[in-house]
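Good morning, everyone. I will go through one structure today, piece by piece, so please keep the picture open while I talk.

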Amino acid sequence: TPNDIESASRLIFPGVGAFGSAMEGLNRKPGVAEALKKYVEANRPYLGICLGLQTLFESSEESPDTPGLGLIRAPIKRFRFERSDLPVPHMGWNDLRARRENEFAETIARRRYYFVHSYAAFADDVA
């Protein structure tokens with residue numbers, strides 16, 4: 001509920017599925033999308049995993065007619081590799097590399113994670 005989001009000391013928003021369905025779910029519940037936007041805009045602790053990250057963007061190639069929350073002015077795009085031997089969806093165990101140091105990055109860097117995804121946020125696209 002919006003009250004749950006507003007009163008949270010930190011949010012973890014995981015998600016598996018399609019961008020369009022995720023946004024429809026957020027918008028179907030009155031006030032939830034707006035509360036989430038306000039929470040993130042206030043720079044409060046937020047971890048978006050998969051769709052939890054993607055919903056913050058303006059749009060996604062996966063569901064081009066469905067707008068995201070628009071907090072990050074860039075689209076989510078399908079993986080495109082120059083090498084044809086790299087499969088999409090990307091599936092498998094990988095390490096994470098932090099782009100800047102912080103307490104959370106130190107914690108996640110010591111583990112391996114399993115990924116199944118076809119879409120990504122590309123830093124070069126962020127305005």
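Where in the chain is Phe-122 placed? Phe-122 sits in the segment after strand 7, and that strand covers residues 119-121. Before I go on, please note that this is a predicted model.

Back to Phe-122. Its relative accessibility is 32%, and therefore Phe-122 counts as partly exposed. Leaving aside neighbours within four places in sequence, Phe-122 is in contact with Lys-77, Arg-78 and Phe-79. Take Lys-77 from that list: Phe-122 and Lys-77 are 45 residues apart in sequence, yet 7.6 Å apart in space, C-alpha to C-alpha. Arg-78 has another partner here, since the record of rings shows Arg-78 over the face of Tyr-119, at 6.0 Å from the ring centre. As for pairs of aromatic rings, the structure holds 0 of them.

Now the overall layout. The protein chain has 5 helices and 7 strands. Read along the sequence, the pattern is α-β-α-α-β-α-β-β-β-α-β-β. The chain has 127 residues, and 28% of them count as buried. Its accessible surface is about 9000 Å², with 51% of that belonging to carbon and sulfur atoms. How many of the contacts between residues at least 6 apart in sequence join residues at least 24 apart? The share is 61%.

Next, helix 2, which runs over residues 19-28. Which of its residues are buried? They are Phe-19, Gly-20, Ala-22, Met-23, Gly-25 and Leu-26. These buried residues pack against strand 1, helix 3, helix 4 and strand 3.

Two threonines touch this helix, and I will take them in turn. Thr-55 lies in the loop between helix 4 and strand 3, that is, between 51-54 and 57-60. Is Thr-55 buried or exposed? Thr-55 counts as buried, because its relative accessibility is 0%. Not counting residues up to four places away in sequence, Thr-55 touches Phe-19, Ala-22, Met-23 and Leu-26, among others. Its other contacts are Phe-13, Gly-68, Leu-69 and Gly-70.

The second one is Thr-66, in the loop between strand 3 and strand 4. Its relative accessibility is 18%, so Thr-66 counts as buried; the cut-off for buried is under 20%. Apart from neighbours within four places in sequence, Thr-66 is in contact with Phe-19, Gly-20, Met-23 and Ser-59.

Let me turn to some residues in other loops. Arg-10 is found between helix 1, residues 2-7, and strand 1. Arg-10 has a relative accessible area of 60%, so it is exposed. What does Arg-10 touch, not counting residues up to four places away in sequence? The answer is Tyr-39 and Pro-45. Arg-10 is also 8.3 Å from Leu-47, C-alpha to C-alpha, although the two are 37 residues apart in sequence.

Two residues have a backbone angle to point out. Asn-43 is not a glycine, but has a positive phi of about 60°. Asn-43 is placed in the loop between helix 3 and strand 2. With a relative accessible area of 70%, Asn-43 is exposed. Cys-50 is not a glycine either, and its phi is positive too, at about 55°. Cys-50 is found in the loop between strand 2 and helix 4. Its relative accessibility is 33%, which means that Cys-50 counts as partly exposed.

Last, the outside of the model. Which residues make the nonpolar surface patch of about 470 Å²? They are Met-91, Trp-93, Tyr-114 and Val-116. The elements giving two or more residues to this patch are strand 5, residues 90-95, and strand 6, residues 112-117. Trp-93 is in strand 5, and counts as exposed because its relative accessibility is 53%.

To go over it once more: the buried residues of helix 2 pack against two strands and two helices that I named, strand 1, strand 3, helix 3 and helix 4. Thr-55, at 0% relative accessibility, counts as buried, whereas Trp-93, at 53%, counts as exposed. And Phe-122, where we began, is in contact with Lys-77, Arg-78 and Phe-79, leaving aside its neighbours within four places in sequence. That is the end of my part.

How values were computed:
Residues numbered from 1 in each chain as written. Predicted model: local features only at pLDDT ≥ 70, side-chain atom pairs only at ≥ 80, totals over all residues. Heavy atoms only, no water. Helix = DSSP H or I, 4+ residues; strand = E, 2+ residues; numbered from the N terminus. Buried < 20%, exposed > 50% of the residue type's maximum accessible area, 1.4 Å probe, protein only. Contact = heavy atoms within 4.5 Å. Patch = residues over 30% accessible without salt bridge, like charges linked within 9 Å, V, L, I, M, F, W, Y side chains within 5 Å. Areas by Shrake-Rupley, 256 points an atom, 1.4 Å probe, with all protein chains shown as cover. Salt bridge = Lys/Arg side-chain N within 4 Å of Asp/Glu carboxyl O. Phe/Tyr/Trp six-rings, centres within 6.5 Å; stacked < 30°, edge-to-face > 60°. Lys NZ or Arg CZ within 6 Å of the ring centre and 35° of its normal.
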